[in-house]
Amino acid sequence: MKIQGVTLSLGSLENSYPHTHKGIEFLLIIKGSVVINIDDVDYNIKEDDIVLIHHQQIHYIKQVTNNVALLVKVSNDFLNDNWTDYSSTSFLPCNSALENQEDSHYFELKRLIIRLMLCYWQKNEGYALEFQSLLFQLFFQTKQHFTIKCTNQTSKPLKEKENDLSVVLNYINDNFTETITLPEVSSLLYMTPQYFSKYFKEKTGISFLNYLMKLRLEHAVEELLSTDNSIIKISLNNGFANTKSFRKVFLDTYQTSPGEYRKKHQKTIVEPDDAINPFNIEDNDKQDLLRYIRQHQLINEQSEWIG
């Protein structure tokens, strides 16, 4: 099954720093609550709320409470290849915390996201075709109820805005595997390095260098748990100058070595023929998902995906 550019994840959300995505992200809260800041506005998202975060929206998790969340991320490359006129589409607010929770449009989005998860993990005969069908149904529902077609007079949502932090965050996301310097990034907003450093910290709450390090570490941890690549390769793949610098940052953050962390947290190695990003699910999260499905009656059939 080859679906490059689609990521599924289920687990607890943690506080994060402002960032953007090259694509769209559906966030469904299965348990607990989080406060998420989207474009400088805080939203209290609780169990059974769903939010769509679209391309270039600056967002971060600000506060968490014993939560479990289901995420579906789809890259711009996949959307451009499979969603007609995506590049000229503007997204309307899609946040059930702001509207009637009983809205049938939100219910259908949640139902499709749950079915995507169950389809992927049950892997019944023909699941690849079913998964793609569900994904396109999700696109269709989103297009029908939460988008408008851009005209020549409306802003083009996929064009980067000048003098906007999103320009910098997108550049860092695209180039974190390479050497990135402060003068190089500050020039994107026509600022001096000194002024940019102050501006960046005011906007994100963290220094530019620490932000870059944390981003590299986040991607390195994902590669550490989802592949059998060597520590050396992981270091270089994610922008670290050498293994020594990677190990130091890792130890300072997790109080253990990359090798020990992998032994403790890695349960399966990514299947080479399956390009949906893999992830490990804790048993408690599985149980919370099943409880949520039954409580909110999102699917009719009995789920048997947990043995």
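The legends below accompany several close-up views of this predicted model.

**Figure 1. The whole protein, with eleven helices and seven strands.** Let's start with the overall picture before zooming in. Of the 307 residues in the protein, 47% are buried. Contacts between residues at least 6 apart in sequence often reach far along the chain, with 72% of them joining residues at least 24 apart. The accessible surface comes to about 16000 Å², and carbon and sulfur atoms account for 48% of that area.

**Figure 2. The largest nonpolar core, with 42 residues.** Here we look at the residues that touch the most other members of this core: I24, L28, I30, L70, I113, I114 and F131. Two or more residues come from each of the strands β1 (6-11), β2 (23-38), β4 (50-53) and β5, and likewise from the helices α1, α2 (104-122), α3 (127-146) and α11 (283-296). Helix α2 gives the largest share, ten residues. In general, nonpolar side chains in soluble globular proteins tend to be buried together.

**Figure 3. A closer look at I24 and a second core.** Leaving aside residues up to four places away in sequence, I24 touches L52, I53, H54, H55, V72, K73, V74, L79, W83, Y86 and F91. Apart from the largest core lies another one, of 19 residues, whose members include I58, I172, I180 and F196.

**Figure 4. Helix α6 (residues 193-204) and its two faces.** The twelve residues of α6 reach 16 Å from the first C-alpha to the last, close to the 16 Å expected at 1.5 Å a residue. Buried along α6 are F196, Y199, F200 and T204. These four cover an arc of only 105° around the axis, so they sit on the same side of α6. The spacing makes good sense: an α-helix has 3.6 residues a turn, so residues three or four places apart point the same way. Cover for the buried residues of α6 includes α4 (165-175), α5 (182-186) and α7. Turned away from the buried side is a face carrying the exposed residues Q194, Y195, K198 and E202. Just after α6 comes G205, with a positive phi near 80°.

**Figure 5. Helix α10 (residues 258-265) and its buried residues.** On this helix, P258, Y261 and R262 are buried. Viewed down the axis of α10, the buried residues fall within an arc of 100°, and therefore line one face of the helix. They pack against three other helices, namely α7 (208-226), α8 (231-237) and α9 (243-254). The other side of α10 holds K263 and K264, which are exposed.

**Figure 6. Two residues with positive phi that are not glycines, N66 and D85.** First, have a look at the backbone of N66, where phi is about 35°. N66 lies within strand β5 (residues 59-75), and its relative accessible area of 58% makes it exposed. For D85, phi is about 60°. D85 belongs to the loop between α1 (76-82) and β6 (89-91), and at 26% relative accessibility it counts as partly exposed.

**Figure 7. Two buried cysteines, C94 and C119.** How many disulfides does the structure hold? The count is zero. C94 has a relative accessible area of 3% and is buried. C119 is buried too, with a relative accessible area of 3%.

Conventions:
Residues are numbered from 1 along each chain as its sequence is written. This is a predicted model: local features need pLDDT of at least 70, side-chain atom pairs count only at pLDDT 80 or more; totals for chains, interfaces and linings use all residues. Side-chain values use heavy atoms; hydrogens and water are left out. Buried means under 20% relative accessible area, exposed over 50%, partly exposed in between (1.4 Å probe, protein chains only). Contact means heavy atoms within 4.5 Å. Accessible areas come from the Shrake-Rupley method with a 1.4 Å probe; for residues, only the protein chains shown count as cover. The arc is that of the directions from the helix axis to the C-beta atoms. A disulfide is a pair of cysteine sulfur atoms within 2.5 Å. A nonpolar core is a set of buried Ala, Val, Leu, Ile, Met, Phe, Trp, Tyr and Cys residues joined through side-chain atoms within 4.5 Å. The expected span of a helix is 1.5 Å times one less than its number of residues.
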